[in-house]
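Student: Could you take me through one part of this structure closely, the sheet, and explain how its strands are put together and what surrounds them? I would like a connected account rather than a list.

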Amino acid sequence: MDARYFLIATDGRHHGPLTFDDIRTWLADGRANRYCRARREPESAWQPLRDMAEFEELTRPPDLGFRLPPDD
């Protein structure tokens, strides 16, 4: 059985139960972001999506290629 999640989305409301695919879609649509708090069922601890291993890659900021020059 797939994990089930509860999410406090960008609208500030609680949503769920949701699947991994639901949350992935919500991230793509902007209804959720890396700072939204979620929890796995049956766990009670809420944490930002960026701190959940299964969502870390999906919530990682893009690499814009900016690099500081080396100190000389």
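Tutor: What follows is a walk through the sheet, strand by strand, with a longer stop at one charged residue and a short look at the salt bridges.

Please keep in mind from the start that this is a predicted model. The sheet is an open one made of four strands, which follow one another in the order β2-β1-β3-β4 with antiparallel pairing. The two edge positions are taken by β2, residues 14-18, and β4, residues 47-48, and because each of these has a single partner strand, one side of each is left without a neighbour in the sheet. As general background, the strands of a sheet pair through backbone hydrogen bonds, and they may do so in a parallel or an antiparallel way.

Let us begin with strand β1, which covers residues 5-8 and is joined to β2 by three bridges, the two strands running antiparallel. Within this pair, L7 stands opposite H15 of β2, while I8 faces H14 of that strand. The chain passes between β1 and β2 by way of a hairpin with five residues between the strands, and in that turn G12 has a positive phi of about 80°. Helix α1, made of residues 20-29, packs on the sheet, where it touches β1 and β2, and its direction makes about 135° with that of β2.

On the other pairing of β1, four bridges connect this strand to β3, again in the antiparallel sense. Here Y5 has R40 of β3 as its bridge partner, and F6 is partnered in β3 by R39. Strand β3 also pairs with β4, antiparallel and over two bridges, with R37 standing opposite P48 of β4. A hairpin of six residues carries the chain from β3 to β4.

Now we can pause at R39, which sits in strand β3, residues 37-40. The side chain of R39 is worth a careful look, since R39 is buried and yet has no salt bridge, the nearest side chain of opposite charge being that of E41, at 6.0 Å. That distance does not qualify, because a salt bridge calls for a side-chain nitrogen of Lys or Arg within 4 Å of a carboxyl oxygen of Asp or Glu. What R39 does have is a polar atom of its side chain lying 2.7 Å from the backbone oxygen of E43. Leaving aside residues up to four places away in sequence, R39 touches R4, Y5 and F6, as well as S44, A45 and W46.

Other charged residues do form salt bridges, and the structure holds six of them. R40, E43 and E54 are linked in a network of such bridges, and you will recall R40 as the bridge partner of Y5 in the sheet. Elsewhere, D29 forms a salt bridge with R31, with the closest N and O atoms 3.2 Å apart, and R31 is partly exposed at a relative accessible area of 36%. R50 and D51 form another, their closest N and O atoms being 3.9 Å apart; R50 is partly exposed, with a relative accessible area of 28%, and D51 counts as partly exposed as well, at 45%. In the salt bridge between E56 and R60 the closest N and O atoms are 2.6 Å apart, and here E56 is partly exposed with a relative accessible area of 32%, while R60 is partly exposed at 45%.

Note on methods: Residues numbered from 1 in each chain as written. Predicted model: local features only at pLDDT ≥ 70, side-chain atom pairs only at ≥ 80, totals over all residues. Heavy atoms only, no water. Pairing = 2+ DSSP bridges. Contact = heavy atoms within 4.5 Å. Axes fitted to C-alpha atoms, helices over the stretch in contact; angles between N-to-C directions. Buried < 20%, exposed > 50% of the residue type's maximum accessible area, 1.4 Å probe, protein only. Lys, Arg positive; Asp, Glu negative; His and termini not counted. Polar contact = N/O pair within 3.5 Å; in protein donor to acceptor, adjacent residues only side chain to side chain.
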